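Me: Please pick one part of this structure and take a close look at it. I am new to it. Short sentences would help.

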Amino acid sequence: METSIDTCTRYPLGVVGELAVSAGIVWFHGGGWVGGELSWPEASGVADGLCARGIDAVARTYRKAVDGVHYPVPLDDVVDAFLEHATDDRDWFIGGASAG
């Protein structure tokens, strides 16, 4: 299972309109903790759009709560992914669609 798509080069500083941005976001697809894929437009497409605007964005997934996987495993994956990427001095955010 693919767990991450780095959708853009890491930008130390981006510009969105007149606002200087020094931030990143770890973005998760939707699927209500039981579905969803990185290939969905709400996952990689959103992250790509943010990258095009100069914001460092990484699309990530989580283990689905199916086949014996139960809460809080998907949420733990989200937290771990965030901590894996938010390792510099910039502001980092977490976001997503539906469960994300």
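Reply: **Strand β4 and its surroundings**

Ala23, Ile25 and Trp27 point one way from β4, while Gly24, Val26 and Phe28 point the other way, and all are buried (under 20% relative accessible area; exposed is over 50%, partly exposed in between; 1.4 Å probe, protein chains only). The model is predicted: local features need pLDDT of at least 70, side-chain atom pairs count only at pLDDT 80 or more, and totals for chains, interfaces and linings use all residues. Residues are numbered from 1 along each chain as its sequence is written, and side-chain values use heavy atoms, without hydrogens or water.

Start with the whole chain. Two helices and six strands make it up (DSSP runs, H or I of at least four residues and E of at least two, numbered from the N terminus). Along the sequence, their order is β-β-β-β-α-β-α-β. Of the 100 residues in the chain, 38% are buried.

Now back to β4. This strand spans residues 23–28. Six of its six residues are buried, and β4 is mostly covered.

Two strands pair with β4. One is β5, in the parallel sense over five bridges (pairing takes at least two DSSP bridges). Trp27 of β4 stands opposite Ala59 in β5. Ile25 stands opposite Ala57, also a residue of β5. The other partner is β6, again in the parallel sense, over six bridges. Here Gly24 stands opposite Trp92 in β6.

Turn to β5 itself. It covers residues 56–60, and five of its five residues are buried. Both of its faces are covered. Asp56, Val58 and Arg60 lie on one side, and Ala57 and Ala59 lie on the other.

What do β4 and β5 make together with α1? The three form a right-handed β-α-β unit (with the strands pointing away from the viewer, the path from the first strand over the helix to the second runs clockwise).

The helix of this unit deserves its own look. Helix α1 runs over residues 41–52, and its buried residues are Ala43, Ser44, Ala47 and Cys51. Seen down the axis of α1, these residues fall within an arc of 70 degrees (taken from the directions from the helix axis to the C-beta atoms), so they line one face of the helix. On the other side of α1, Pro41 and Ala52 are exposed. Gly54 follows α1, and its phi is positive, near 90 degrees.

Next come the charged side chains. Side chains of opposite charge can pair when their charged atoms come close. How many salt bridges does the structure hold? There are three (a Lys or Arg side-chain nitrogen within 4 Å of an Asp or Glu carboxyl oxygen).

Take Asp56 of β5 for the opening case. Its side chain meets that of Arg90 in a salt bridge, 3.1 Å from N to O. Arg90 lies in the loop between α2 and β6 (91–96) and Asp56 in strand β5, so the pair ties together parts that are 34 residues apart in sequence. Both Arg90 and Asp56 are buried.

Arg60, at the other end of the listing for this side of β5, has a salt bridge too. Its partner is Glu84, with the closest N and O atoms 3.3 Å apart. This pair links distant parts of the chain: Arg60 sits in strand β5 and Glu84 in helix α2, 24 residues apart. Arg60 counts as buried because its relative accessible area is 8%.

The remaining bridge joins the side chains of Asp77 and Arg63, at 2.6 Å from N to O. Asp77 belongs to helix α2, and Arg63 to the loop between β5 and α2. The two are 14 residues apart, and the pair links distant parts of the chain. Are these partners buried or partly exposed? Asp77 has 14% relative accessibility, so it counts as buried. Arg63 has 43%, so it counts as partly exposed.

One last stop is Val79. This residue lies in helix α2, which covers residues 73–85. Its relative accessibility is 40%, so Val79 counts as partly exposed.

To sum up, β4 pairs with β5 and with β6. Strand β5 also carries Asp56, which meets Arg90, and Arg60, which meets Glu84.
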